[in-house]
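Let's take a walk through a protein together. Have the picture and the sequence side by side, and look up each residue as we get to it.

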Amino acid sequence: MTAREQTDTPTPSTQGSVLGWSLTVLLREWSTRVEDISRDLPHGVRGYQVLSAVVHEAPPTQAALAARLGIDRTVMTYLLDKFEGCGLVERRQDPADRRARRIVPTEHGRGVLAELDARVARAEDELLAGLPPEDRRVLLALLEHAATGAAPGEDRCAAVAASAALTREP
């Protein structure tokens with residue numbers, strides 16, 4: 001054991017499992033910060049998740065995007081109407097199926113998401129500020145590895161969308 005480990009590494013609580021409590025507290029605090037960051041976007045956190053999915057992936061169809069994020073198709077229509085009105089996305093006819101519409105981000109939408117992503121990254125740094133930078137990197141890598149092992153192939157964006165409902169007060 002190194003000197004650093006002997007002095008800086010906290011020992012786990014002996015009062016039962018701390019995993020659930022730790023993850024709950026961190027998720028609640030992360031959600032609160034992301035809600036604050038995305039409050040000016042149509043539909044707030046849900047809008048952030050939609051814009052992120054549209055920008056970071058191949059242009060999805062409107063129906064596929066709604067299904068993936070667990071959003072009712074009617075609600076998705078209204079949400080995308082607002083996004084189009086703000087110049088964040090465009091609906092384009094799918095060349096393979098003229099009944100379907102592909103959701104494509106605009107340059108403005110990409111810029112808005114880049115700013116939101118940067119703000120979320122800063123909020124995450126603040127949330128984990130009690131850890132040295134190397135410990136943060138290790139924690140995030142271990143959490144990602146554990147989550148991937150617990151739910152292989154799970155859609156990350158959809159998982160975040162589903163968890164948003166769990167952290168809201170009734």
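**A tour from the salt bridges to the core**

If you search the whole structure for salt bridges, you find 12 of them. Keep in mind along the way that this is a predicted model.

Let's get our bearings before looking at single pairs. The protein's secondary structure amounts to 8 helices and 2 strands. Starting at the N terminus, the order of the elements is α-α-α-α-α-β-β-α-α-α. The protein has 170 residues, and 29% of them count as buried.

Now back to those charged pairs. Try Glu-57 and Arg-68: their side chains meet in a salt bridge, with N and O 2.7 Å apart. What does this pair tie together? Glu-57 sits in the loop between α3 and α4, while Arg-68 belongs to helix α4, so the bridge links parts that are 11 residues apart in sequence. As for cover, Glu-57 has a relative accessibility of 36%, so it counts as partly exposed; the cut-offs here are under 20% for buried and over 50% for exposed.

Another pair is Arg-28 with Glu-29, where the closest N and O atoms are 3.7 Å apart. Arg-28 is partly exposed because its relative accessibility is 37%, and Glu-29 is partly exposed too, at 28%.

Then look at Arg-99 and Asp-97, a salt bridge whose closest N and O atoms lie 3.1 Å apart. Is each partner buried, exposed or partly exposed? Arg-99 has a relative accessible area of 74%, so it is exposed, whereas Asp-97, at 26%, is partly exposed. Salt bridges can also share partners, and that is how Asp-81, Glu-84 and Arg-91 are joined into one network.

Next, let's follow one helix. Helix α2 covers residues 19-37, which makes 19 residues; at 1.5 Å a residue it should span 27 Å, and its end C-alpha atoms are indeed 27 Å apart, so expectation and model agree. Which residues of α2 are buried? They are Ser-31, Val-34 and Ile-37. Looking down the axis of α2, you'd see its buried residues fall within an arc of 120°, so they line one face of the helix.

Helix α2 also has something to show on the outside. Leu-19 is part of this helix, and its relative accessibility is 55%, so it counts as exposed. Leu-19 joins Leu-23, Leu-140 and Leu-143 in a nonpolar patch on the surface, and together they have about 360 Å² of accessible area. Which elements give two or more residues to the nonpolar patch? Those are α2 and α7, the helix running over residues 133-150.

Finally, let's go inside. The largest nonpolar core has 25 residues, and the ones touching the most other members are Val-50, Leu-65, Phe-83 and Val-89. The elements that give two or more residues to this core are α2, α3 (44-56), α4 (62-69), α5 (73-85) and α6 (107-127). Which element provides the largest share? That is α3, with 7 residues.

Now look at α2 once more with both sides in mind. This helix gives two or more residues to the core, and it also gives two or more to the nonpolar patch on the surface.

Conventions. Residues numbered from 1 in each chain as written. Predicted model: local features only at pLDDT ≥ 70, side-chain atom pairs only at ≥ 80, totals over all residues. Heavy atoms only, no water. Helix = DSSP H or I, 4+ residues; strand = E, 2+ residues; numbered from the N terminus. Expected span 1.5 Å × (residues − 1). Buried < 20%, exposed > 50% of the residue type's maximum accessible area, 1.4 Å probe, protein only. Arc of directions from axis to C-beta. Patch = residues over 30% accessible without salt bridge, like charges linked within 9 Å, V, L, I, M, F, W, Y side chains within 5 Å. Areas by Shrake-Rupley, 256 points an atom, 1.4 Å probe, with all protein chains shown as cover. Salt bridge = Lys/Arg side-chain N within 4 Å of Asp/Glu carboxyl O. Core = buried A, V, L, I, M, F, W, Y, C linked by side-chain atoms within 4.5 Å.
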